[in-house]
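Please open the model in your viewer and keep the sequence panel beside it, since each stop on this tour begins with a selection. The stops follow one another through the chain, though not in strict sequence order.

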Amino acid sequence: MKTILKSILLLCCTAGLLTACDDDRGSNPVVQEPATFMLNTPTYATSTIDMASSETLHFTWSQPDYGFPAKVDYQLQVSLDGNFTTSYVQEQADKSGATKANYKELTTVYNVCSADVNATELAKAFQQIAKWADGAVPATQTVYVRAKAVLKTVSRIYSNTVKINVSPYYVELKDAAPQIWYLIGGCIADGKWSNGSDAIGVSMIPMYTIAGESYDKVTGGGLIQYVGYFPAGGEFKIIEKPGSWDYGMCGDKDGHLVYRNGGDDPGNIKVKDAGYYKITVNTTEHTAKMEPYTAAVTTYPTITLPGTYQGWKPEKNALTKVTTGGENHDWTTTVNFDADANISNDEGVKFTNGSWDVNWGAEDFPLGTGTGGGKNIRYKKGTYKVYFNDILGSYQFVAQ
């Protein structure tokens, strides 16, 4: 009798589990794998777009039919002949020079079904594919555009191709500058959370490149770092681009540094214990870590920028402290150079503590990491906004 009762109970439990599983399957969406999706033909497709006088080109598309509304990563790709078989990234990876690209994927990732694409970025992409000589750019060019959609667990798919007519111009190609991200928050700089480009060095502190690291020639991605003092209870974020909160490193409820990719805000990065910390961000992989910095640190009351342009006077041309409400190790100024530094005459600039007792230098320009007593920084003619971290010895000269 006990055996019969056990069997009946087991059958009831099994039936209940099966029913629960059936109900669960019914509430979960069934992911479809569409073959393509629609990129809309722009209204300006029948005209010829003057790339030199345009700011942005607008594109829209429909979301692929995955069977439910999904958060999708979109990127646009451009071609000059309608073929999308060999990417510019593949061409750059082939050190022999034998591979020739017929399309370029633009770097910006969108999470909505529209894009205002920077015309300068497009013009550069056309030049990277065509490699026109200066003075030999065609008056008009038909270009082909398609969109790529990526959803996790589903194969990437591509839209139809649309044609537009442009009037291109020559772009001098050079390696992409390393990507620089920015710290911002209640414990950063003036603590005001202002994220416009004019707030760099005021409410935002730039991160810095790392000596010896390589950066992607196309995207500028790679490792960047920052070292500074953080108070207990401080909160901040690391934003990818000035003016946007949607992309960059945030903090989740478990205290992990996580990348925000256009979605909801995970939260602020929170500092538990006061002290010096080193932050490292991989701008390609969108990962980051924050760890205690244990090396000895000196706090300087003054940092100056002497050099050829002002007679090498270390007590002159003081930089401004960036952090106003706490311990400062970041500095900024604006400087103008009337001509390039003459290398044969050992011209250049250095950072000092107001005397030659402590100074930092390196030949790299406009980004670099100075070492104690290092070589002169070989500046180029122009006006620059300067940023300097006295713990790392790292600097940036940003053309204005």
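Select Trp-181 and Gln-179 and display their side chains, which are joined by a polar contact of 3.4 Å. The model is a predicted one, and the distances and areas on this tour should be read with that in mind. Trp-181 sits in the loop that runs between strand 8 (162–167) and strand 9 (182–185). Is Trp-181 buried or exposed? Its relative accessible area is 0%, so Trp-181 counts as buried. Now add Met-207 to the selection: although Trp-181 and Met-207 are 26 residues apart along the chain, their C-alpha atoms are separated by 5.7 Å.

From here, move to the sheet in which strands 11, 12, 17 and 18 lie in the order 11-12-17-18, an open sheet of four strands with antiparallel pairing. Colour strand 11 (208–209) and strand 18 (287–292) separately, for these are the edge strands, each of which pairs on one side only. Next, select residues 223–230, which make up strand 12, together with residues 275–282, which make up strand 17; the two pair in the antiparallel sense over eight bridges. Two of the residue pairs can be picked out by hand: Phe-230 has Gly-275 of strand 17 as its bridge partner, and Gly-228 stands opposite Tyr-277, again in strand 17.

Stay with Tyr-277 and look towards strand 18, where the bridge partner of Tyr-277 is Pro-292. Strand 17 and strand 18 are antiparallel and pair over six bridges, and they form a hairpin with four residues between them. In that turn, select His-286, whose phi is positive at about 60°. If you colour strand 17 by accessibility, you should find the strand mostly covered, with six of its eight residues buried.

The cysteines make a short stop. How many disulfides does the count come to? The count is zero. Select Cys-187, which is in no disulfide, and measure to the nearest cysteine sulfur, that of Cys-250, which is 14 Å away. Cys-187 has 15% relative accessibility and therefore counts as buried, whereas Cys-113, with a relative accessible area of 26%, is partly exposed.

Next, go to Ser-54, in the loop between strand 1 (48–50) and strand 2 (56–60). The relative accessibility of Ser-54 is 22%, which means that the residue counts as partly exposed. Show the backbone of Asp-50 as well, because the cut-off for a polar contact is 3.5 Å and the side chain of Ser-54 reaches the backbone oxygen of Asp-50 at 2.7 Å. Leaving aside residues up to four places away in sequence, Ser-54 touches Ile-49 and Ala-119. Thr-120 is worth adding to the view, since it lies 66 residues from Ser-54 along the chain, with 8.3 Å separating the two C-alpha atoms.

Now zoom out and colour the chain by domain, using the assignment that gives domain 1 (36–167), domain 2 (182–292) and domain 3 (303–399). The centres of domain 2 and domain 3, taken over C-alpha atoms, are separated by 24 Å, and the contact takes 17 residues from domain 2 and 19 residues from domain 3. The area buried between domain 2 and domain 3 is about 1,400 Å², with carbon and sulfur atoms giving 57% of it.

For the last stop, select Thr-304, in the loop between strand 18 and strand 19 (320–321). At 0% relative accessibility, Thr-304 counts as buried. Its side chain has two partners to display: a polar atom of that side chain lies 2.6 Å from the backbone oxygen of Pro-314, and the side chain also makes a polar contact of 2.5 Å with the side chain of Thr-352. With residues up to four places away in sequence not counted, the residues that Thr-304 touches include Glu-315, Leu-319, Lys-350, Phe-351 and Gly-354.

Thr-352 leads on to a neighbouring selection, as Thr-352 stands opposite Asn-359 in strand 22. Strand 22 (residues 359–361) runs antiparallel to strand 21, and two bridges join them. These strands belong to an open sheet of three strands, in the order 21-22-24 and with antiparallel pairing. Strand 21 (351–352) and strand 24 (371–372) stand at the edges with a single partner strand each, so one side of each has no neighbour in the sheet.

Definitions and conventions
Residues are numbered from 1 along each chain as its sequence is written. This is a predicted model: local features need pLDDT of at least 70, side-chain atom pairs count only at pLDDT 80 or more; totals for chains, interfaces and linings use all residues. Side-chain values use heavy atoms; hydrogens and water are left out. Two strands pair if DSSP finds at least two bridges between them. Buried means under 20% relative accessible area, exposed over 50%, partly exposed in between (1.4 Å probe, protein chains only). A polar contact is a pair of N or O atoms within 3.5 Å; within protein, one must be able to donate a hydrogen and the other to accept it, and residues adjacent in sequence count only if both atoms are side-chain atoms. A disulfide is a pair of cysteine sulfur atoms within 2.5 Å. Contact means heavy atoms within 4.5 Å. Domain bounds come from an automatic or database domain assignment. Buried area is the accessible area (1.4 Å probe) that two parts lose on being put together, summed over both.
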